[in-house]
Amino acid sequence: MSTYDVVIVGGGVAGLFAGYNLSKMGFKVALVEMKDEKSIGEKVCGDAIGEHHFIELGLDPPIIGFDGENIFNGVKIVSPDEKHVISVIGKGYALNRKNFGLRLYRMAINSGVEGYLGYFFVKPIIEGSWIKGIVIKNRNESEHILYSKVVIDASGVSAVVRRSLPKEWWVSEIIPKEDYNVTYREIVSGDIDLDHEYAYIYLNKDIAPGGYWWLFPKKRGVYNIGLGVQWKDLLHNPKKNYDLYIRTKLGGRIHEVIHAGGGLVPTRRPISCMVWNGFIVIGDAAATANPLHGGGIGSAMISAKLAADTISEAFEKGNASMENLWIYHIRYHRAYGAKQASLDIARMFLQHLDNNDLNFIFRSKLIDGSEVYDLGSKGSLSSSILSRVQSILSLARRPTFISKLYRLKQYMDKAYELYLRYPSAPSDYIRWKTEEESLFTEFRKWLSESFG
């Protein structure tokens, strides 16, 4: 039995960055992670992150040759027929994901975090409406009790702590499977003829229904290639689609598969309630990934930093009650969550378009790279796009598409504004949640009626 100020479950980027920040503030922190030290940082993902996240968090950028493998000048988004490209300018990095995780781990441990590596979460310790700690066990089935003032769930998409809590607690919200993307990706060596200073995103509903497929150059001759499909049913297996379409397309240009694997990514707005008495949720456990492109490294670290600041202030107030932790929502939604809500609307709209619709958007030049950048970074659909559609004669043949874009912007703006109006106290949560459910139910109904 051990006692800490904070116990963190999960040693991914969110858990490690939260631990580093809290320990640096002087708190006694334990980090529980099922991997051993040599496996820290291993995760199947696209390995890409925008530079702006490092600037916003005050974190040194990756070092090429250690935790960074390439610098991107932007992203090229390719139409389904591959005849049109939108170039989105903005500096980013291709990470060495394992070494980036190792870097964060060293930061956490050197700041004073105590690591429980090779341990698994068993169950929470609940007293009344409070979480007072957790029970963990190692591979030898030896159990250990960790008491704490706060438990942070940073366990990723599995959300093992949050999902083990009483179902009537708001924070134990169940995420529907259609709000996930199932992914498969390979790290390969080869000789693929493209501009290595850009990451490539390919929109194609046949290859990646409900998602996209990507080709991210890493160091010279090494590529991160994969796809994500919406987890609606079992009809679309991402590995089968990868083998059928992408491997066939690239053919002999791939020389060797260095690593392969799959995963699950929450591609939606954040869960509605992210705190409870003695408890806070960060990273993928709270669904903080970007709904459009699924990138979650930067937003996970944002949630971790804001959670650490909130916990510190709660301790100054006397305890980590739900009321004292509640401001975490306000801070997160201002920083990222409101944008996520707006992009969740855009995500569902795009998932209803077919390849002909997408080719039409590219061919008609309805949106340029700067507007795509604003969409991804701010969560807003530019009014200039709506003005442009009225001036393009070819759109006269598709008047219903124009009206759909107008309605889309209206719903995106409503979602953004709603999350900026998140209640300042738990007492007003039910009213807000009812409004949130009503908005998204109305939008889904409109989608169903508009697209059949």
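UniProt positions are given in the numbering used here, and its annotations may be inferred rather than shown by experiment. The structure is a predicted model. An unreviewed UniProt entry lists residues 5–50 as "domain: MnmG N-terminal". This briefing covers that span, one pocket, one helix and two single residues.

**The annotated span**

- The record's name for residues 5–50 is "domain: MnmG N-terminal", and the entry is unreviewed.
- In the model, the C-alpha atoms at the two ends of residues 5–50 are 33 Å apart.
- Helix makes up 26% of residues 5–50, and strand makes up 28%.

**The second largest pocket**

- The second largest pocket holds about 440 Å³ of space.
- Its lining consists of 17 residues, and those closest to the pocket centre are Gln 230, Lys 232, Met 348, Gln 351 and His 352.
- Sorted by class, the lining of this pocket has seven charged, six polar and four nonpolar residues.
- Two helices, α7 (327–350) and α12 (429–451), each contribute at least two residues to the lining of the second largest pocket.
- Helix α12 gives the largest share of that lining, with three residues.
- Domain 2 (71–90 + 177–266) and domain 3 (341–451) each supply at least three residues of the lining.

**Helix α8**

- Helix α8 covers residues 355–363, and it is largely enclosed by the rest of the structure because seven of its nine residues are buried.
- The buried residues of α8 are Asn 355, Asp 357, Leu 358, Asn 359, Phe 360, Ile 361 and Phe 362.
- At the N-terminal end of α8, Asp 354 acts as a cap, with a side-chain oxygen 3.1 Å from the backbone nitrogen of Asn 356.
- After α8 comes Lys 365, which has a positive phi near 55°.

**Two single residues**

- Ser 303 belongs to helix α5 (residues 297–317).
- The relative accessibility of Ser 303 is 0%, so this residue counts as buried.
- The side chain of Ser 303 reaches the backbone nitrogen of Gly 283 at 3.0 Å.
- Ile 109 belongs to helix α3 (residues 97–111).
- Ile 109 has a relative accessible area of 29% and is therefore partly exposed.
- Ile 109 and Ile 71 are 38 residues apart along the chain, and their C-alpha atoms are separated by 28 Å.

Methods
Residues numbered from 1 in each chain as written. Predicted model: local features only at pLDDT ≥ 70, side-chain atom pairs only at ≥ 80, totals over all residues. Heavy atoms only, no water. Helix = DSSP H or I, 4+ residues; strand = E, 2+ residues; numbered from the N terminus. 1 Å grid on protein atoms, 1.4 Å probe; cavity = no way out; pocket = protein on both sides within 12 Å on 5 of 7 lines; lining within 4 Å. Points joined across faces, edges and corners; volume = space filled by probe spheres on them. Nonpolar A, V, L, I, M, F, W, Y, C, P; charged D, E, K, R; others polar. Domains from an automatic or database assignment. Buried < 20%, exposed > 50% of the residue type's maximum accessible area, 1.4 Å probe, protein only. Polar contact = N/O pair within 3.5 Å; in protein donor to acceptor, adjacent residues only side chain to side chain.
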